[in-house]
Amino acid sequence: MGIVAGLDSSPDFTRIVVCDADTGAVLRQGYAPHPLDPVEGGGRPSDVDPQAWLLSLGEAAGGGLLEGVQAIGVSAQQNALVPLDSKGNTVRPALVGGDKRAQAAAADLIDRLGSREAWADAVGCVPQAAQPVAKLRWLARTEPEQAQRVAGLLQAHDWLVWQLLGRPARRTTDRGGASGTGYWSAATGSWRPDLVELALGRQAVLPEVLGPGDAAGTTPEGLIISAGTGETMAAAFGLGVRAGDAVVSLGASGSVMAVHHEALADSSGAITSLADATGLHLPVVHTSNAVRALRGTAEMLGLDGGPEELSELAMKSTPGAHGLVLLPYLEGERTPQLPHTAGTLSGLRRESMRPEHLARAAFEGMVCGLADAMDVLRGRGVAIRRVFLLGAAAELHAVQAVAPMLFGAQVVVPQPADYAAIGAARQAAWALSGQLPQWQGAAAQVFEAGEEAPVGQAVRQQYRAVREQIHPGAFS
């Protein structure tokens, strides 16, 4: 069939993979960091000139990397709002990331529409500070002169696709990216311009939403540019997840995302209803705590080796950690909704007060917290039979030992790869051929609960009992 490329513009860098369009085999790769100014005190900037994304794209594609490529797919960081004026120029730098400045704006939007339930019914989620709809409200309240100049709205991958095509009159997006904005309904598959007006105070032009295999256009040189999508959707597509699969991301915080046949509306705000890159849906539940619980426990025990050394220590204990239970709510918690709580260590007895039991309790607490998030999805009818574990912590022996028994499902740990860029390349192959490419799934280790499944149920029951004692009705 030919050669395709996928580029992933993350918050920090651009990665490009060039793949065989028939098999998905990676032929060559490119990488370049975004040229961003350092932030005082560390961290990532909340305002970014989109030209930085183009500059790193050009550097990553240098040295003839794209020679022979027939189609390109684009994935990019989600929740980046690019406001444009009537001439297509940026009104201000893009608002990116989990912008805490927009927290009050998100609460204001809930009040303006009337309730959390109203938002859930409208777009399948309740406004959060990171979402473009909240950033748009923040812009209207904080920079009214700039807001008055806004004529059109794009996200990061929309803007990059538009630039690659030479800034045509037609601007496009995909349903995956649109579903994260807070002003597109995954249930109806349509924009809610009334919510844009609610946030901005006026209407703005929104991009055309393309189907999963559609092309956004063709460059003058004949290069096909596919619809593009957000990083989450591209990574899921690159992994090859399907109905019955969930993806658990192990960062400082955590998330559980599953493939489902329909959009889910949730007035509690626990579920964010996203669309995927294939025509299905990706309901997501977030937790505030995951690997940070491991790092905190390692520090408490004086382990210089961090989670890796903690994992070795935990394997000297046994399931249930001799009755020791850690509720890992170190930064408050989002699932269950306990934003102002703290973590709890329960079950202290003389025989349980050993370092290896605390280490085991930290791993079991982290995974039980994510299993609680998974149960939120299962409670809404989402089937989960296989769980993909992503993140460096997925390689830890203790995680691989406890996850299958506590999740009650087969656990898959994919080999590290640029799955978002691979997913973007797969989308490009779809646009090139007109057919969904049947690429081989990610190379991975597979772990089964097997005979330890009943033991895992007992550990989860022990965890639930402590959670209900300390936070009664937290999931009611």
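## Overall make-up

The protein chain carries 15 helices and 24 strands. Keep in mind that this is a predicted model.

Is the radius of gyration what a compact globule would have? What you get for the protein chain is 23 Å, and since a compact globule of 476 residues would come out near 23 Å, the two agree. Along the principal axes, the C-alpha trace spans about 70 × 50 × 45 Å.

## Burial and contacts

Buried residues account for 56% of the 476 in the protein chain. The accessible surface adds up to about 19,000 Å², and carbon and sulfur atoms own 49% of that. As for contacts between residues at least 6 apart in sequence, 72% link residues at least 24 apart.

## A seven-stranded sheet

Now for one of the sheets. It is open, has 7 strands with mixed pairing, and runs in the order S18-S19-S17-S16-S22-S23-S24. Strand S18 (271-275) and strand S24 (444-447) sit at the edges with a single partner strand each, so each has one side without a neighbour in the sheet. Ignoring direction, neighbouring strands of this sheet are turned by 25° against each other on average.

Zooming in on one edge, S23 (residues 410-414) pairs with S24 in the antiparallel sense, over 4 bridges. Valine 412 stands opposite valine 446 in S24.

## Helices H4 and H8

Helix H4 (residues 132-142) packs against helix H8 (residues 193-200) at an angle of about 35°, and their axes are 7 Å apart. On the H4 side you'll find Val133, Leu136, Arg137 and Ala140, which meet Leu195, Val196, Leu198, Ala199 and Leu200 in H8. The residues of this contact split into 8 nonpolar, no polar and 1 charged.

Technical notes: Residues numbered from 1 in each chain as written. Predicted model: local features only at pLDDT ≥ 70, side-chain atom pairs only at ≥ 80, totals over all residues. Heavy atoms only, no water. Axes fitted to C-alpha atoms, helices over the stretch in contact; angles between N-to-C directions. Helix = DSSP H or I, 4+ residues; strand = E, 2+ residues; numbered from the N terminus. Contact = heavy atoms within 4.5 Å. Nonpolar A, V, L, I, M, F, W, Y, C, P; charged D, E, K, R; others polar. Rg over C-alpha atoms; globule rule 2.2 N^0.38 Å. Buried < 20%, exposed > 50% of the residue type's maximum accessible area, 1.4 Å probe, protein only. Areas by Shrake-Rupley, 256 points an atom, 1.4 Å probe, with all protein chains shown as cover. Pairing = 2+ DSSP bridges.
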